[in-house]
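Visitor: I would like to talk through this model with you. Could we begin with a single residue and work outwards?

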Amino acid sequence: MEIWLNPACSKCRSAVEILDEAGAHYTVRRYLEDPPDADDLRGVLTRLGLEPWDITRTQETEAKELGLGEWERTDAARERWIAALAAHPRLIQRPIITADDGSALVGRSEDAVREAVARAGSEETSNG
């Protein structure tokens, strides 16, 4: 399991606490320091079953400066959104947890994080 997080984010810190309490095995990707490229984003979107605008923090200053609120949310505009997220990783909703079963979810709630733990199973007890 991997968690994309920003250590300054309270939801991310809460997710890590839940993972640790459950004894989950996971790796951390500080996505602001190690930003995902367009291929990474396409992969995680497929695993999430979401579109790029679904994981975009549209209220961030950068989003407003880019005018994301006015962008089309269509198949034709999908790559534009992905390119924006790759270029401005701060706009990516967090935390994103990719589970070993191939699924992923946005861990904004404790229930979502616990679902990720359940998918991964808690038999492994170390983290990295």
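Visitor: Is Arg 78 buried or exposed?

Guide: Arg 78 has a relative accessible area of 19%, so it counts as buried, a term for values under 20% (exposed is over 50%, partly exposed lies in between; 1.4 Å probe, protein chains only). This is a predicted model, in which local features need pLDDT of at least 70 and side-chain atom pairs count only at pLDDT 80 or more, while totals for chains, interfaces and linings use all residues. Residues are numbered from 1 along each chain as its sequence is written, and side-chain values use heavy atoms, with hydrogens and water left out.

Visitor: Which element holds Arg 78, and what does this residue touch?

Guide: Arg 78 belongs to helix H4; helices (H or I, at least four residues) and strands (E, at least two) are DSSP runs numbered from the N terminus. Leaving aside residues up to four places away in sequence, Arg 78 is in contact (heavy atoms within 4.5 Å) with Arg 42, Leu 45, Leu 50, Glu 51, Pro 52 and Trp 53.

Visitor: What is the pLDDT of the chain?

Guide: The mean pLDDT, the predictor's confidence in each residue from 0 to 100, is 92 for the protein chain, and 94% of the residues reach 70 or more. Among the elements, H4 (residues 78-87) has the highest mean, 98, and helix H5 (residues 110-120) the lowest, 88. Over residues 122-128 the pLDDT is below 50; this stretch has 17 contacts in the model beyond near neighbours in sequence.

Visitor: Staying with H5, is Ala 120 buried or exposed?

Guide: Ala 120, in helix H5, is buried, at 16% relative accessibility. Its C-alpha lies 5.9 Å from that of Ala 99, although the two are 21 residues apart in sequence.

Visitor: How many residues are in the largest nonpolar core?

Guide: The largest nonpolar core has 20 residues; such a core is a set of buried Ala, Val, Leu, Ile, Met, Phe, Trp, Tyr and Cys residues joined through side-chain atoms within 4.5 Å. Ile 55, Leu 68, Ile 92 and Ile 96 have the most contacts inside it. Helices H2 (38-48) and H4 are the elements giving two or more residues to this core. Apart from it lies another core of 18 residues, including Met 1 and Leu 105.

Visitor: On to the sheet: in what order do the strands lie?

Guide: Four strands form an open sheet in the order E2-E1-E3-E4, with mixed pairing; two strands pair if DSSP finds at least two bridges between them. Strand E2 (27-30) and strand E4 (104-106) are the edge strands, each pairing on one side only. Strand E1 (residues 2-5) runs parallel to E2 and is joined to it by four bridges, and Trp 4 stands opposite Arg 29 in E2.

Visitor: Which peptide bond is cis?

Guide: The bond from Arg 94 to Pro 95 is cis, with omega near -10°. Pro 95 sits in the loop between H4 and E3. Most peptide bonds are trans.
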